[in-house]
Structure formats: C-alpha cells, structure tokens
Amino acid sequence: MKRTIIASLLLTVSSIQIAEAKPNFVGANYSGTYTCKGNNNKVGNYQVQAKLMLNRTASRGSIGIYDFHVETENSFVYKGKAVANLNKVAFTLSMTELSSSEFSTGIANIHKNAAGKFAYTNHYYEIDSNIGTYGKEYCVMQTSPKSKKSAKPASV
C-alpha cells in the first residue's frame with residue numbers, strides 16, 4: 001500500500017513538472033543591427049539603424065521575443081519590443097519625447113536576401129493627434145564583425 005501511494009505521489013509530481021516545463025526557443029535568431037531606408041508622408045525619405053536583441057529567457061518554441069531599438073540620423077533612440085513567429089515579426093516602439101508620447105506599430109516578413117543577409121520590409125503606423133502616419137522601411141542586417149574572417153599571413 002505504501003509503495004502504491006509513493007508511486008502515485010511521484011507520478012503526480014513528475015507530471016506537474018512536465019506540464020510546467022516550457023519549450024526552449026528553437027526559432028531563427030534575428031538579432032543584429034539593420035540599416036533601414038524608409039519613407040512616410042511626414043518625414044519623406046529617411047535612414048535609421050534598427051537593432052534586434054533576442055531575449056532568450058522570454059522566448060519559447062518558435063516565438064522569439066526581442067528588445068528593439070531604432071536610432072535616427074540625429075542620434076535619437078526609440079525603444080520598443082518585437083515578437084517573431086517563424087518569419088513574421090511584429091514591432092512596437094515608444095516614440096516618447098518631452099512634449100508628447102506617440103507609438104509606432106509595424107509588421108514584417110523577414111527573409112534572407114540574395115546576399116544571404118536577413119532583410120525585412122516593415123509596414124508601420126504611427127499614432128498622432130490627426131490621422132497618423134503610414135510608412136514602410138526596408139531593412140538589411142549589417143555584416144557582423146564576428147563573422148568576418150581575418151586574413152592570416154602566409155607562413156614562410
């Protein structure tokens with residue numbers, strides 16, 4: 001009888017731990033710095049740097065959670081989050097300045113371009129006191145210094 005109770009208790013504890021276990025992140029890691037060229041009806045043409053940094057602790061299964069920063073040509077940094085599911089990415093930025101608080105929300109499909117770099121076109125909407133601003137930007141990952149191979153001198 002004791003063995004049955006102990007076995008039942010161990011089975012219950014084991015199944016609770018299995019049920020609470022969350023799957024590790026297995027999706028593609030889109031972390032990196034991207035150069036983006038965009039256009040919207042307020043600003044016209046512009047260029048920014050976007051940075052995605054995977055939060056591995058918050059990411060689960062195919063869902064990647066990212067810290068997302070955008071730096072403008074005049075060095076102003078907007079901070080936000082991104083959520084990726086396979087090749088679909090949703091972006092949100094807080095465009096807070098001293099006088100107002102605005103938000104930008106975007107969506108993109110990410111892929112590898114002909115050069116083998118991750119790239120995406122972010123279609124976004126920025127809220128303001130009127131109708132808002134629609135825009136899009138094409139972003140390409142910069143080559144990471146870590147991935148460049150250093151030339152070794154020939155041995156003599």
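Reader: In S2, which residue is the bridge partner of Gly 32?
Author: This is a predicted model. S1 and S2 pair in the antiparallel sense, over nine bridges. The two strands form a hairpin with three residues between them. Within S2, the bridge partner of Gly 32 is Leu 52.

Reader: Leaving aside neighbours within four places in sequence, which residues is Leu 52 in contact with?
Author: Leu 52 is among the residues with the most contacts inside the largest nonpolar core. Its contacts, sequence neighbours within four places left aside, include Gly 32, the bridge partner named above. The full set is Tyr 30, Ser 31, Gly 32, Tyr 34, Tyr 66, Asp 67, Phe 68, Ala 82 and Phe 91.

Reader: How many residues does the largest nonpolar core have?
Author: The residues with the most contacts inside this core are Tyr 30, Tyr 34, Leu 52, Tyr 66, Phe 68, Phe 91 and Tyr 120. S1, S2, S3, S4, S5, S6, S7 and S8 each supply at least two residues of the core. The core has 26 residues.

Reader: Which strand gives the most to this core?
Author: Each of the strands from S1 to S8 supplies at least two core residues. One strand gives five residues, the most of any. That strand is S2.

Reader: In what order do the eight strands close into a barrel?
Author: The chain comes to one helix and eight strands. From the N terminus on, the elements run α-β-β-β-β-β-β-β-β. The eight strands close into a barrel with antiparallel pairing. The twist averages 25 degrees from one strand to the next. The order is S1-S2-S3-S4-S5-S6-S7-S8.

Reader: How many bridges join S1 to S8?
Author: These two strands run antiparallel. One pair of partners here is Lys 37 and, in S8, Tyr 138. The number of bridges joining S1 to S8 is seven.

Reader: Which residues make up the uncovered face of S8?
Author: S8 is also joined to S7, by eight bridges. In S8, the bridge partner of Ala 119 is Val 140. The covered face of S8 holds Thr 133, Gly 135, Glu 137, Cys 139 and Met 141. The uncovered face is Tyr 134, Lys 136, Tyr 138 and Val 140.

Reader: Which side chains meet in a salt bridge?
Author: The structure holds one salt bridge. Its N to O distance is 2.3 Å. The two side chains are those of Asp 67 and Lys 81.

Reader: How many residues apart in sequence are the parts that this pair ties together?
Author: Asp 67 lies in strand S3 (residues 63–71) and Lys 81 in strand S4 (residues 77–85), so the pair ties these parts together. Asp 67 is partly exposed, at a relative accessible area of 26%. Lys 81 is partly exposed too, at 43%. The separation in sequence is 14 residues.

Reader: Which side chain of opposite charge is nearest to Glu 126?
Author: Glu 126 lies in strand S7. Glu 126 is buried yet has no salt bridge. A salt bridge needs nitrogen and oxygen within 4 Å. The nearest side chain of opposite charge is 5.9 Å away, and belongs to Lys 42.

Reader: Leaving aside neighbours within four places in sequence, which residues is Glu 126 in contact with?
Author: Glu 126 is a residue of S7, and S7 runs antiparallel to S8. Thr 133, on the covered face of S8, is one of the contacts of Glu 126. The set is Asn 40, Met 95, Phe 103, Ser 104, Gly 132 and Thr 133.

Reader: Is Val 70 buried or exposed?
Author: Val 70 is found in strand S3. Its contacts, neighbours within four places left aside, are Val 48, Gln 49, Ala 50, Phe 76, Val 77, Tyr 78 and Leu 93. Buried means under 20% relative accessible area. The value for Val 70 is 7%, so Val 70 is buried.

Reader: What distance separates the C-alpha atoms of Val 70 and Ala 50?
Author: Six bridges join S2 to S3, which run antiparallel. In S3, the bridge partner of Lys 51 is His 69. Val 70 and Ala 50 are 20 residues apart along the chain. Their C-alpha atoms are separated by 4.4 Å.

Technical notes: Residues are numbered from 1 along each chain as its sequence is written. This is a predicted model: local features need pLDDT of at least 70, side-chain atom pairs count only at pLDDT 80 or more; totals for chains, interfaces and linings use all residues. Side-chain values use heavy atoms; hydrogens and water are left out. Helices (H or I, at least four residues) and strands (E, at least two) are DSSP runs, numbered from the N terminus. Buried means under 20% relative accessible area, exposed over 50%, partly exposed in between (1.4 Å probe, protein chains only). Contact means heavy atoms within 4.5 Å. A nonpolar core is a set of buried Ala, Val, Leu, Ile, Met, Phe, Trp, Tyr and Cys residues joined through side-chain atoms within 4.5 Å. Two strands pair if DSSP finds at least two bridges between them. Axes are lines fitted to C-alpha atoms, for helices over the stretch in contact, and angles run from 0 to 180 degrees between N-to-C directions. Lys and Arg count as positive and Asp and Glu as negative; His and the chain ends are not counted.
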